[in-house]
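Work through the exercises below with the sequence and the model open. Try each task before reading its solution.

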Amino acid sequence: MIEARHLRVLRAVATTGSFSAAGRALGCTQPAVSQQMKALEASVGTPLLVRSGREMRLTQAGEALVRHAGTILAGLTAAEEEIAAIAGLRAGRVRLVSFPSGSSTLVPAALAALRAAHPGTRVSLEEAEPPASVEMLREGECDVALAFRYEGAAGGQEGEWDDLVVRPLLSDRLVGLVPEGHRLAGAGSVAIGELADEPWIAGCPRCRGQLVEVCEGAGFTPRIDFATDDYPAVVGLVGAGLGVAVLPQLAIESVRPRHARVLTLRPAVRREIVALTLPDLAQVPAVAATLDHLAHAATRQP
């Protein structure tokens, strides 16, 4: 294996014409130069210099190696500078995946703060719901995944993230949503069983599964008349008087619930919002900074 320090010595010998002059140029002794040249010749398996008295000249192999040394050393220098920039957050890239209500609330504030603090760091954003987003992280398709899981949900979620670095962000409470003319619109809070006979508007399949579980725990199965993954569409359907819904509080923060009323849900149902990454990626400065800014943005949520 050819070492960069040996290439630097060879180039100095070729430039100065002697071991002693090369040593002076490099700030080391003549024996040290001789020793490194012997090590380099042993590595390549052929003589690189022909020594004759005080003079020396390059062999054909030596000339070839000196010719390539400049390009190799320049590439190494460029690599060292780029890595130093990434380590110092003067450069870098982070691929972030988030679920929609996180994209509209936590992510904008976090990325704006990250850009202000480290303008050389580039972040890309893609949307996906867990568990798809978590699999993207494990498959190397992203560096940070914003995800959630419901507290006390059936299905054995404990241990599902044991191989990942988990950064807790916030606990997001589900809320009820009814039309403004609904009999419960002014109640302030509602037990989910009070909505048993209502037509329902459901969200994504993962959210719907949690809704069905909560409703069945209250003794009924919701009649789902409309299904959409789009939170503004859910709010619009409720506002039009077409049904009731349960949404995460985080989703309400980014959607104006026109003609609909938000009610506190009893009993409380919460989802844990986290940022996930791989253990090795957590050591990358740009990824660590992204996690920090997401955590700070979460503290600013009501």
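**Exercise 1.** Find which backbone nitrogen the side chain of D172 reaches at 3.4 Å, and decide whether D172 is buried or exposed.

*Solution.* Step one: the side chain of D172 reaches the backbone nitrogen of Q249 at 3.4 Å. This is a polar contact (a pair of N or O atoms within 3.5 Å; within protein, one able to donate a hydrogen and the other to accept it; residues adjacent in sequence count only if both atoms are side-chain atoms). Step two: a polar atom of the D172 side chain also lies 3.0 Å from the backbone nitrogen of L250. Step three: D172 lies in strand β6; strands are DSSP runs of E with at least two residues, helices are runs of H or I with at least four, and both are numbered from the N terminus. Step four: D172 has 3% relative accessibility, so it counts as buried. The cut-offs are under 20% relative accessible area for buried, over 50% for exposed and partly exposed in between (1.4 Å probe, protein chains only). Step five: leaving aside neighbours within four places in sequence, D172 is in contact with residues including P248, V269, R270 and I273. Contact means heavy atoms within 4.5 Å.

The model is predicted: local features need pLDDT of at least 70, side-chain atom pairs count only at pLDDT 80 or more, and totals for chains, interfaces and linings use all residues. Residues are numbered from 1 along each chain as its sequence is written, and side-chain values use heavy atoms, leaving out hydrogens and water.

**Exercise 2.** Place H182 and list its contacts beyond four places in sequence.

*Solution.* Start with the position: H182 is in the loop between β6 (165–179) and β7 (189–191). Its relative accessibility is 15%, so H182 counts as buried. Next, the side chain of H182 reaches the backbone nitrogen of L184 at 3.0 Å. Beyond four places in sequence, H182 is in contact with L195, E198 and V244.

**Exercise 3.** Classify the ring pair of F99 and F148.

*Solution.* The structure holds three aromatic pairs. Rings of Phe, Tyr and Trp (its six-membered ring) pair if their centres lie within 6.5 Å; planes under 30 degrees apart are stacked, over 60 edge-to-face and the rest tilted. For F99 and F148, the centres are 5.0 Å apart and the planes stand at 85°, so the pair is edge-to-face. Now locate the partners: F99 is in the loop between β3 (92–98) and α5 (100–117), F148 is in strand β5, and 49 residues separate them. Both F99 and F148 are buried. Finally, F99, F148 and Y150 form one aromatic cluster.

**Exercise 4.** Find the unusual backbone geometry at P131, P267 and H259.

*Solution.* Recall the background: most residues other than glycine have a negative phi, and most peptide bonds are trans. The bond from P130 to P131 is cis, with omega near 10°. P131 lies in the loop between β4 (121–127) and α6 (132–138). A second cis bond joins R266 and P267, with omega about -5°. P267 sits in the loop between β11 (260–266) and β12 (270–277). H259 is not a glycine, yet has a positive phi of about 60°. H259 lies in the loop between α9 (249–253) and β11. With a relative accessible area of 42%, H259 is partly exposed.
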